[in-house]
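The following exercises are meant to be worked through with the sequence and the coordinates at hand. Please attempt each task before reading its solution.

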Amino acid sequence: MLLASPASETTPTPVIHRPQRPSLPPHLRTLAFIDLETTGLDSSRHEVLEVAILRVDARSLEVLAEYEARVQPTRLADAQPEALAVCGYSDEEWRDAISLQEVLATVTPLLAGTLVAGHNTSFDWGFLTTSYARSGLALPSVDYHRLDTASLAWPLLASGEVESLSLNALAKRFGLHRPSPHRAMADARCTLEVARCLAVRMSRGGHMERLLEETGGLS
């Protein structure tokens with residue numbers, strides 16, 4: 001389902017005071033927060049089970065459009081049982097799932113012209129690129145950079161504010177509720193909320209410098 005969506009109600013859209021500067025280049029004006037659930041960790045063997053995309057304005061971090069879909073697997077014999085359990089797969093739940101090619105055809109315009117974002121983005125993007133290749137479809141034209149909230153949050157780990165860079169640890173640090181962990185749209189929304197919280201921290205001036213000041217420096 002594809003629709004326009006307001007900013008999440010979980011965390012208010014931050015008011016970030018930025019210095020005056022020219023507009024962002026076209027290819028950096030829109031972010032695409034992605035999250036996938038899969039039948040395992042190896043994109044060469046395993047398949048995508050669920051896809052969620054949030055197309056987001058890069059300055060306001062407001063959601064412009066969203067899409068989520070369950071994908072019909074074709075090689076369940078190759079799936080890791082623990083992966084299926086984590087994402088809640090069952091034949092009944094995936095009864096109305098659609099083909100990978102149909103999902104990608106809808107995803108393509110949402111991704112086009114964006115900077116791809118997410119949590120541990122390389123995992124999700126790796127599965128997406130493999131999925132496009134398997135379907136014989138051309139990859140959407142996206143910026144060559146990737147925005148990864150795990151990388152952006154590294155100063156929190158270095159300063160001891162969090163014990164890991166997992167999405168769950170960051171959500172807990174910022175007081176964010178995760179109603180449905182390991183469901184694609186729920187995790188995409190949580191990642192966006194983490195990005196908003198990190199943006200507020202950075203806007204206060206000097207991400208690492210502020211963290212070190214607040215924690216008394218690294219031991």
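The exercises below concern a predicted model and proceed from the overall fold to single side chains.

**Exercise 1. The fold as a whole**

Task: State how many helices and strands the protein has, and in what order they occur.

Solution.
- Step 1. The protein contains eight helices and six strands.
- Step 2. Read from the N terminus, the order is β-β-β-β-α-α-β-α-β-α-α-α-α-α.
- Step 3. Of contacts between residues at least 6 apart in sequence, 71% join residues at least 24 apart.

**Exercise 2. Burial and surface**

Task: Determine what percentage of the residues is buried and what area the protein exposes.

Solution.
- Step 1. The protein has 219 residues, and 44% of them count as buried.
- Step 2. The exposed area is about 11,100 Å².
- Step 3. Carbon and sulfur atoms supply 55% of that area.

**Exercise 3. Aromatic pairs**

Task: Find how many aromatic pairs the whole structure holds, and describe the geometry of each.

Solution.
- Step 1. A search of the whole structure yields two aromatic pairs.
- Step 2. One is formed by Tyr 89 and Trp 94, with 5.1 Å from centre to centre and 50° between the planes. An angle that is neither under 30 degrees nor over 60 counts as tilted, and this pair is accordingly classed as tilted.
- Step 3. Phe 123 and Phe 127 form a tilted pair as well, at 5.0 Å centre to centre and 50° between the planes.
- Step 4. Tyr 89 and Trp 94 are both buried. The face of Trp 94 also carries a charged neighbour: Arg 70 lies over it, 4.7 Å from the ring centre.

**Exercise 4. Two phenylalanines in one helix**

Task: Locate Phe 123 and Phe 127, and explain why Phe 123 counts as partly exposed and why Phe 127 counts as buried.

Solution.
- Step 1. Both residues lie in helix 3 (residues 121-135), four residues apart, or about one turn of the helix.
- Step 2. The class of partly exposed runs between 20% and 50% relative accessible area. Phe 123 has 28% relative accessibility and therefore counts as partly exposed.
- Step 3. Buried means under 20%. Phe 127 has 2% relative accessibility, so Phe 127 counts as buried.

**Exercise 5. A histidine in a loop**

Task: Where does His 46 lie, is His 46 buried or exposed, and which residues does His 46 touch?

Solution.
- Step 1. His 46 belongs to the loop between strand 2 (30-38) and strand 3 (48-57).
- Step 2. With a relative accessible area of 1%, His 46 is buried.
- Step 3. Leaving aside residues up to four places away in sequence, the residues touched by His 46 include Arg 75, Asp 78, Arg 134 and Phe 127. Phe 127 is also a member of the tilted pair with Phe 123.

Key:
Residues numbered from 1 in each chain as written. Predicted model: local features only at pLDDT ≥ 70, side-chain atom pairs only at ≥ 80, totals over all residues. Heavy atoms only, no water. Buried < 20%, exposed > 50% of the residue type's maximum accessible area, 1.4 Å probe, protein only. Contact = heavy atoms within 4.5 Å. Areas by Shrake-Rupley, 256 points an atom, 1.4 Å probe, with all protein chains shown as cover. Phe/Tyr/Trp six-rings, centres within 6.5 Å; stacked < 30°, edge-to-face > 60°. Lys NZ or Arg CZ within 6 Å of the ring centre and 35° of its normal.
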